[in-house]
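Thanks for making the time this morning. I would like to walk through one chain with you, beginning with how far the model can be trusted and then moving on to its helices and its interior.

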Amino acid sequence: MKNIFNQSIKLKKLRLVAILALSAFLLPGFMFFDSNIKWRSGPGGFAGIYLQLGDSLSQNKNLVTSLTESISYKNTGAKLQVSLMGENRGDTFPAMDVLGCSEAILNDYRRKGNPVFAEEMDADCTGASCSHIVSCGGVIVSTGIRLNTDVLEGNISSALLHELGHISGLNHCPPGEKNCTQVPENSMMHPFQNTVVSPGVDDVTGLKELYGTLSSEQTAMIAKQEEFKNFADNICNPSPCKLPEEETNPNYRLSQEEKNAIASVLSSIEGDITLYRKEKLFQYYMLRMQGSQDTGVTPEEKLMQNVSEKQQRIAETPTENLVVLRQMLAWQIQERNIVLTELNHEVDKDFLDFTRGEINILIQIRRDMIEEQGRR
Ligand SMILES: [Zn+2]
């Protein structure tokens with residue numbers, strides 16, 4: 001087993017932040033974790049790591065996306081999700097600016113969502129790739145990854161995957177081992193591997209040991225997400241779903257009132273509109289994650305439930321409210337679509353799938369409202 005975190009030796013560290021590891025890919029591990037160290041889990045026992053890419057790694061976005069998926073819960077069954085969250089958020093997520101280990105600070109990090117910076121500057125990194133971990137009392141609060149592409153001779157995928165393993169809390173050797181001979185060569189955590197591009201059995205065992213295995217409820221939640229995708233793919237009647245401005249049926253096109261309403265909301269937003277949208281998006285993203293953990297009802301279930309009740313609800317809605325609701329829907333469809341088209345680098349693939357489904361549902365509800373308006 002490659003998970004070295006169950007080692008019994010405890011570090012005699014102060015309660016202040018300890019930088020626990022700096023490891024170089026393709027070099028023998030020269031530093032070993034001595035304690036069971038992992039990301040803090042949220043209310044559902046799920047740990048989420050939100051990865052931000054620096055400038056020069058941004059061209060490898062698709063690669064990083066697929067690697068993060070390969071070590072996340074859907075693939076491994078461990079209660080961990082590593083999500084690529086687009087560009088570096090700078091001030092919002094200071095990577096190394098942790099001076100104390102108070103609960104307030106941990107809470108603050110947790111609220112902001114386990115920040116990770118890929119390609120964080122790291123003056124001590126001389127190997128092909130490095131990662132560091134900043135932890136408080138066994139909880140990782142921040143990490144960074146750096147790839148030295150000029151030094152890196154091997155496969156960039158295997159180097160990145162190896163470092164993603166480190167920032168998830170894995171290291172090279174089993175507890176007590178310093179020579180790594182027991183680590184299978186098909187493991188992403190093998191210190192000399194440069195061909196492994198997906199986690200091996202031993203890596204998965206380590207991740208499950210650190211974060212736990214998906215519960216039956218969580219497995220059900222994942223199945224629900226798949227159900228939702230199929231549901232939303234087939235919701236539009238007439239098919240396919242079309243954005244209001246692309247509708248071919250003139251009844252469904254954006255009305256002048258809707259256009260006015262959208263213009264009015266836009267003009268009421270102060271400051272930079274992209275910044276405003278990113279802020280909203282991130283709030284919404286966190287809310288979605290948090291919401292299902294707290295209530296036990298996933299947003300997917302909630303939306304499907306709304307659809308099942310929509311005809312009755314629309315029939316009971318007074319006409320003046322229908323007018324306003326339709327305007328709100330037009331606004332929401334437009335804003336959600338901007339997530340897909342312009343801000344897709346800001347959120348992970350699961351969220352994009354969810355947003356795509358949500359847009360379809362909003363489109364169909366809006367159409368149903370228009371039909372109802374026509375009948376009255
Ligand atoms: Zn390593």
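Let me start with confidence, where, among the elements of the chain, strand S1, residues 18-24, has the lowest mean pLDDT, at 33, while helix H7, residues 256-268, has the highest, at 96. Please keep in mind throughout that this is a predicted model. Averaged over the chain, the pLDDT is 77, and 72% of the residues score at least 70. Across residues 1-35 the pLDDT stays under 50, and for that stretch the model has 99 contacts beyond four places in sequence. The pLDDT is also below 50 over residues 90-99, a stretch with 16 contacts in the model beyond near neighbours in sequence.

Now to the overall make-up. The chain contains 11 helices and 7 strands, and of its 376 residues, 38% count as buried. If we take the contacts with a separation of 6 or more, residues 24 or more positions apart account for 75% of them.

What does the interior look like, and which residues have the most contacts inside the largest nonpolar core? That core has 48 residues, and those with the most contacts inside it are Ile 49, Leu 51, Leu 80, Leu 160, Leu 164 and Leu 207. At least three of the core's residues come from each of domain 1 (18-211) and domain 2 (216-375). There is also a second, separate core, which has 14 residues, including Ala 330, Ile 359, Met 369 and Ile 370.

Two of the residues just named for the largest core, Leu 160 and Leu 164, are also among the buried residues of helix H4, so let me turn to that helix, in which 11 of the 12 residues are buried. Besides those two leucines, the buried residues of H4 include Ser 157, His 162, Glu 163 and His 166. Why do we say that its length agrees with expectation? At 1.5 Å a residue, the 12 residues of H4, residues 156-167, should span 16 Å, and because the end C-alpha atoms are 16 Å apart, the two values agree. After H4 comes Gly 169, whose phi is positive, near 115°.

Helix H9, residues 299-316, has 18 residues and reaches 24 Å from its first C-alpha to its last, which is close to the 26 Å expected at 1.5 Å a residue. H9 bends by about 55° at Lys 310, and its buried residues are Pro 299, Glu 300 and Leu 303.

I will finish with two individual residues. Arg 367 is found in helix H11, residues 349-375; is this arginine buried or exposed? Arg 367 is buried, because 22 other C-beta atoms lie within 10 Å, where 20 or more is the cut-off. Its C-alpha atom and that of Tyr 252 are separated by 6.3 Å, although the two residues are 115 residues apart along the chain.

The other residue is Asn 75, which is found in helix H2, residues 73-76. With 13 other C-beta atoms within 10 Å, Asn 75 is partly exposed. Leaving aside neighbours within four places in sequence, Asn 75 is in contact with Glu 69 and Ser 70. Asn 75 and Ser 198 are 123 residues apart in sequence and, C-alpha to C-alpha, 9.8 Å apart in space.

Conventions: Residues numbered from 1 in each chain as written. Predicted model: local features only at pLDDT ≥ 70, side-chain atom pairs only at ≥ 80, totals over all residues. Helix = DSSP H or I, 4+ residues; strand = E, 2+ residues; numbered from the N terminus. Expected span 1.5 Å × (residues − 1). Core = buried A, V, L, I, M, F, W, Y, C linked by C-beta atoms within 7 Å. Domains from an automatic or database assignment. Contact = placed C-beta atoms within 7 Å. Bend = angle between axes of the 7 residues up to and from the residue. pLDDT = per-residue confidence, 0-100.
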